[in-house]
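Please describe the structure shown below, beginning with its surface and then turning to its overall fold and one of its helices.

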Amino acid sequence: MPENKKPLPITYVKGIVKDKETGAFVEAKVQVVNLKNGKTEYNDYTSKETGDFLAVMPIGGNYAFNASSDGYLFYSENYELNSSYTNKPFLLKILLEKLKVGTNVILKNIFFNTNQYSLLPASVTELTTLVDLLNNNANISIEIQGHTDDVGNVKDNEKLSMQRAKAVYDYLLEHKIAAERLTYKGYGESKPITSNSTEENRKLNRRTSFVISKL
């Protein structure tokens with residue numbers, strides 16, 4: 001069969017969603033979006049009895065995974081499904097945390113170009129999930145936080161992180177989230193979650209997150 005006529009290679013994503021504290025199965029909405037083209041590849045609920053889901057995904061995509069359930073913070077992650085998963089499933093265990101003051105959530109699918117603070121289109125899925133969380137829990141207030149690695153000037157990093165946090169804040173305002181429920185702050189390089197010794201670690205430190213400040 002000619003190469004251009006062959007079906008795209010696929011893999012299976014098998015996941016299970018549980019309560020982080022109790023280990024109980026959770027019925028959750030799971031959404032998987034291909035960040036390369038914006039296409040939603042999976043949008044369904046896990047089993048109430050077993051907390052599991054099974055999705056078929058094309059190989060070669062970079063995917064945003066979100067899982068959400070009433071009373072819980074949502075799960076945010078992204079994965080690249082490369083050719084190493086052609087002959088084996090991609091296994092995923094998701095632990096959801098109950099809503100509580102002080103909990104910090106890293107928004108893994110918020111994207112900016114290097115040294116810029118305009119939200120990229122691939123961020124919309126994550127931002128929509130955050131809007132839904134706030135709409136469904138009208139008593140929650142959050143602080144949006146921006147963070148950078150330690151490359152460059154300390155003051156410049158602090159300013160950039162503040163601008164990125166404000167970009168998320170502005171998006172939420174535009175989508176009718178009340179300003180009194182939101183604050184934002186740029187922490188620059190002052191709160192790394194790992195050392196800045198490698199590029200992979202620096203990538204982890206360049207992040208946008210939020211903390212529940214009131215519940």
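How much area does the protein chain expose, and what share of it do carbon and sulfur atoms supply? The protein chain exposes about 11,700 Å², of which carbon and sulfur atoms supply 49%, with areas taken by the Shrake-Rupley method and a 1.4 Å probe.

This is a predicted model, in which local features need pLDDT of at least 70 and side-chain atom pairs count only at pLDDT 80 or more, while totals for chains, interfaces and linings use all residues. Residues are numbered from 1 along each chain as its sequence is written, and side-chain values use heavy atoms, with hydrogens and water left out.

The protein chain has 3 helices and 11 strands, these being DSSP runs (H or I, at least four residues, for helices; E, at least two, for strands) numbered from the N terminus. Buried residues, meaning those under 20% relative accessible area with a 1.4 Å probe and protein chains only, make up 43% of the 215 residues.

Helix 2 covers residues 154-174 and reaches 30 Å from its first C-alpha to its last, close to the 30 Å expected at 1.5 Å a residue, where the expected span is 1.5 Å times one less than the number of residues. Its buried residues include Leu160, Ala165, Val168 and Leu172, and the buried residues of helix 2 pack against the elements tabulated here, contact meaning heavy atoms within 4.5 Å.

| Partner of helix 2 | Residues |
|---|---|
| Helix 1 | 124-136 |
| Strand 9 | 141-147 |
| Strand 10 | 182-186 |
| Strand 11 | 207-214 |

The C-alpha atoms of the protein chain fill a box of roughly 55 × 40 × 30 Å, taken along the principal axes.

Notes:
Buried < 20%, exposed > 50% of the residue type's maximum accessible area, 1.4 Å probe, protein only.
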